[in-house]
Amino acid sequence: MALMPMWLITMETHHCMRQFGGKRNYKVVCAMLKQGSVQLDIQNNQKRTPLLEAVSRGHLGMTHKLIALGADINAVDGEGNSCLHLAVEREVFDSEDAPLDLLNECCTSLNLKIEERLSGIVVARYLASQGADFHHKNNKNNTPLDLINDPNLRKKLEAFLPPQCLWCKNKTATTKVHPCEHLLTCEECSNVPLKRCLRCLKPVTSRGRVESVNLDEKLLHSVAKKLGNKWQQLGEDRKR
């Protein structure tokens with residue numbers, strides 16, 4: 001029996017994503033992904049990958065599966081929208097078979113009611129915890145945060161975000177300057193010949209790249225308390 005061509009499998013996957021209404025199509029897509037023969041980041045005519053299609057249609061179970069399989073979480077569509085742009089514009093998601101404990105933690109961190117754990121805002125918080133970039137701007141020059149109308153929710157989300165590059169204001173800051181030790185620029189802007197810190201205007205004597213952005217100490221203690229034993233497990237996993 002001849003194998004189905006890759007392009008045909010991919011087209012069928014996108015078709016099922018668009019027609020995701022019932023459980024049958026969900027099972028079909030799951031079966032295709034289980035085969036391991038689908039290109040996870042292939043784009044349809046809207047330049048959307050299967051992950052972007054799943055998020056735009058509110059299917060959390062499929063979103064979770066695609067991320068676990070290694071889909072590019074920062075892929076963008078033809079309008080420059082990332083999964084976060086699409087998530088914050090949805091009112092509610094279908095949980096399907098996604099592990100809800102992940103959403104419970106995100107919901108708690110935003111001080112929202114447990115009944116709101118399937119809201120687009122909570123899902124966006126979950127996607128950000130998986131590496132989605134809240135600083136990315138779409139073709140209309142909007143970040144996902146710009147699309148959130150509730151200023152209180154926007155402020156809560158901002159508390160969990162790594163600092164933004166103060167030069168391009170479009171990516172995460174990864175370069176620290178000394179002696180003030182402020183995180184200022186992203187990797188692409190790290191070669192800007194700054195003489196003074198963009199934040200405090202103290203003279204810059206040297207600079208260095210950080211592999212991960214340190215969160216505020218109080219925030220770390222707060223997150224650690226909420227995660228309990230999972231926080232210790234996270235630390236052990238990172239050492240491996």
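This is a short walk through the fold, one helix pair, one buried helix, the sheet and a few backbone details.

What you have in front of you is a predicted model. The protein contains 10 helices and 3 strands. Going along the sequence, the pattern reads α-α-α-α-α-α-α-α-β-β-β-α-α. Of its 240 residues, 42% count as buried. If you take the contacts with a separation of 6 or more, 58% of them come from residues 24 or more positions apart.

One annotation before the details. UniProt, in an unreviewed entry, lists residues 46-78 as "repeat: ANK". In the model that stretch, 46-78, is 48% helix and 0% strand. The C-alpha atoms at its two ends are 6 Å apart.

Now the helix pair. Two packed helices are described by the angle between their axes and the distance between the axes. Here the pair is α6, residues 100-109, and α7, residues 120-129. Their angle is about 105 degrees and their axes are 9 Å apart. That puts α6 roughly perpendicular to α7, because angles from 65 to 115 degrees fall in that class. On the α6 side, the contact is made by L102, L103, C106, C107 and S109. On the α7 side, V122, V123, R125 and Y126 take part. By type, the residues of this contact come out as 7 nonpolar, 1 polar and 1 charged.

Stay with α7 for a moment. How many residues of α7 are buried? The count is 8 of the 10, so α7 is largely enclosed by the rest of the structure. The buried ones are G120, I121, V122, V123, A124, R125, Y126 and L127. R125 is therefore on two lists: it is buried, being under the 20% cut-off for relative accessible area, and it is part of the contact with α6. What covers these buried residues includes α6 itself and α8, residues 151-158. The cover also includes α3 at 50-56, α4 at 60-68 and α5 at 83-88. Just after α7, G131 takes a positive phi of about 115 degrees.

Next, the loop between α6 and α7, where N111 lies. Is N111 buried or exposed? With a relative accessibility of 59%, N111 counts as exposed. Its phi is near 60 degrees, which is a positive value in a residue other than glycine. N111 also sits across from a residue further along the chain: K156 is 45 residues away in sequence, and the two C-alpha atoms are 8.5 Å apart in space.

Now the sheet. In what order do the 3 strands form the open sheet? The order is β2-β1-β3, and the pairing is antiparallel. The edges are β2, at 182-185, and β3, at 206-209; each has a single partner strand, so one side of each is left without a neighbour in the sheet. From one strand to the next, the twist averages 40 degrees. Strand β1, residues 175-178, pairs with β3 in the antiparallel sense over 4 bridges. To give you one point to look for, K176 has G208 in β3 as its bridge partner.

Leading into the sheet is T174, in the loop between α8 and β1. T174 has a relative accessible area of 15% and is buried. Leaving out residues up to four places away in sequence, T174 touches L183, T185, C186, E187, G208, R209 and V210. So G208 turns up twice, as a contact of T174 and, because bridges were assigned between β1 and β3, as the bridge partner of K176.

Last, the loop between β1 and β2. Two residues here deserve a look on the screen. P179 is found in this loop, and the peptide bond leading from H178 to P179 is cis, with omega near 10 degrees. E181 lies in the loop between β1 and β2 as well. E181 is not a glycine, yet its phi is positive, at about 65 degrees. How accessible is E181? Its relative accessibility is 48%, and E181 counts as partly exposed.

To recap the main points: α7 is largely enclosed, α6 crosses it roughly perpendicular, and the sheet is open and antiparallel, with the order β2-β1-β3. For the backbone, the places to check are the cis peptide bond at H178 to P179, and the positive phi values at N111, E181 and G131.

Terms used
Residues are numbered from 1 along each chain as its sequence is written. This is a predicted model: local features need pLDDT of at least 70, side-chain atom pairs count only at pLDDT 80 or more; totals for chains, interfaces and linings use all residues. Side-chain values use heavy atoms; hydrogens and water are left out. Two strands pair if DSSP finds at least two bridges between them. Axes are lines fitted to C-alpha atoms, for helices over the stretch in contact, and angles run from 0 to 180 degrees between N-to-C directions. UniProt positions are given in the numbering used here, feature names are shortened, and annotations may be inferred rather than shown by experiment. Angles under 35 degrees count as roughly parallel, over 145 as roughly antiparallel, 65 to 115 as roughly perpendicular and the rest as oblique. Contact means heavy atoms within 4.5 Å. Ala, Val, Leu, Ile, Met, Phe, Trp, Tyr, Cys and Pro count as nonpolar, Asp, Glu, Lys and Arg as charged, and the others, Gly among them, as polar. Buried means under 20% relative accessible area, exposed over 50%, partly exposed in between (1.4 Å probe, protein chains only).
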